[in-house]
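Reader: I would like to go through this structure with you, one question at a time. Please lay out your reasoning before you give each answer.

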Amino acid sequence: DDALPIPNEVVLDAGKPLPGCIPILPIRDAVLFPFSMVPLTVGRSGSLKLLEDLRGSRDHFVGVLAQREASKDEPGADELFSVGTLAVVIKELRLKGETRILFVQGLKRFRVSRFVQFSPYPVAEVEYLSDSLPPPESAKDMAAVRRRIETLFEKLVSLRPNLSEDLVTITFNIEELSLMADFIASILPSESVAAKQDLLETLDVSSRLGKIQAELT
């Protein structure tokens with residue numbers, strides 16, 4: 001069994017520096033947000049080599065970048081968005097042939113500083129990005145924005161049978177506004193890759209919430 005030996009729960013160690021150079025996993029037709037856990041299909045030779053190398057590493061970190069054009073099999077620097085999400089591979093499932101399903105958990109936004117290789121898979125030096133939080137004096141306004149978004153999101157879920165009502169419960173119980181915004185952004189069904197990428201690149205939490213509210217309205 002060559003599945004990755006990874007613990008069930010992943011928590012970032014605040015005292016441990018994040019890797020400055022990470023292997024890059026390009027994905028099509030999707031954007032990964034911090035703290036989202038999603039399945040990714042892996043079948044390209046470079047990505048399979050990346051996975052093989054991850055099995056021998058300790059942290060199993062990958063940088064997930066969305067492709068600008070889904071049709072590109074081996075995207076170059078100009079064909080990948082420069083902002084992505086550091087992730088850890090939680091589980092690997094083997095399908096027929098060489099295809100794998102990776103369950104990854106997003107951890108933190110990053111921006112590519114430069115690519116150091118593209119073969120057999122991309123590797124990049126990255127800088128990590130932090131949210132710009134609303135000032136304390138705007139707490140009352142932010143609470144009102146949150147209530148509106150929760151109401152709109154609850155309505156969206158009720159109108160879409162493919163969305164579980166548990167998503168509403170999870171949203172209501174996320175304390176941090178930035179995490180709530182990312183959680184909803186990862187679920188929005190009508191957003192294009194470009195629109196979701198815009199939300200990923202919006203570091204100002206107030207602006208991100210405003211864009212999500214506009215999409216839900």
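Reader: In which loop does Phe 35 lie?

Author: This is a predicted model, and Phe 35 has a phi near 70 degrees, which is a positive value in a residue other than glycine. At 49% relative accessibility it counts as partly exposed, because the exposed class begins over 50%. As for its place in the chain, Phe 35 lies in the loop between E1 and E2.

Reader: Is Asp 29 buried or exposed?

Author: Asp 29 is also placed in the loop between E1 and E2, and its phi, near 55 degrees, is positive although the residue is not glycine. Its relative accessible area is 61%, and since the cut-off for the upper class is over 50%, Asp 29 is exposed.

Reader: Which element gives the largest share of the lining of the largest pocket?

Author: The largest pocket holds about 410 Å³ of space and is lined by 21 residues, of which Ile 27, Arg 28, Ala 30, Pro 39 and Leu 40 lie nearest its centre. Two or more lining residues come from each of strand E1 (21–27), strand E2 (37–42) and helix H4 (177–187). By class, the lining has 13 nonpolar, 5 polar and 3 charged residues. The largest share, 6 residues, is supplied by E2.

Reader: How many charged residues are in the lining of the second largest pocket?

Author: The second largest pocket, with a volume of about 350 Å³, is lined by 17 residues, and those closest to its centre are Lys 108, Asp 131, Glu 176, Ser 178 and Leu 179. Strand E5 (100–117) and H4 each supply at least two lining residues, with the largest share, 4 residues, coming from H4. Sorted by class, this lining has 10 nonpolar residues and 2 polar ones, and the number of charged residues is 5.

Reader: How many of the residues of strand E3 are buried?

Author: Strand E3 covers residues 61–66, and its side chains can be followed in two directions: Phe 61, Gly 63 and Leu 65 point one way, while Val 62, Val 64 and Ala 66 point the other way. Residues on both sides are buried. The strand is therefore mostly covered, a residue being buried when its relative accessible area is under 20%, and the count is 6 of 6.

Reader: In which sense do E3 and strand E4 pair?

Author: E3 has pairings with E1 and with E4, and with E1 the pairing is parallel over 4 bridges, with Leu 25 standing opposite Val 64 in E3. On the E4 side, the bridge partner of Gly 63 is Leu 86. E3 and strand E4 (residues 83–94) pair over 4 bridges, and the sense is antiparallel.

Reader: Why can the buried residues of H6 be said to line one face of the helix?

Author: Helix H6 has 12 residues, 205–216, which at 1.5 Å a residue should span 16 Å, and its end C-alpha atoms are 16 Å apart, in agreement. Its buried residues are Val 205, Arg 208, Leu 209, Ile 212, Gln 213 and Leu 216. Seen down the axis of H6, these buried residues line one face because they fall within an arc of 135 degrees.

Reader: Which two residues does a cis peptide bond join?

Author: Pro 120 is found in the loop between E5 and strand E6 (123–128). The cis bond has an omega of about 5 degrees, and the residues it joins are Ser 119 and Pro 120.

How values were computed
Residues numbered from 1 in each chain as written. Predicted model: local features only at pLDDT ≥ 70, side-chain atom pairs only at ≥ 80, totals over all residues. Heavy atoms only, no water. 1 Å grid on protein atoms, 1.4 Å probe; cavity = no way out; pocket = protein on both sides within 12 Å on 5 of 7 lines; lining within 4 Å. Points joined across faces, edges and corners; volume = space filled by probe spheres on them. Nonpolar A, V, L, I, M, F, W, Y, C, P; charged D, E, K, R; others polar. Buried < 20%, exposed > 50% of the residue type's maximum accessible area, 1.4 Å probe, protein only. Pairing = 2+ DSSP bridges. Expected span 1.5 Å × (residues − 1). Arc of directions from axis to C-beta.
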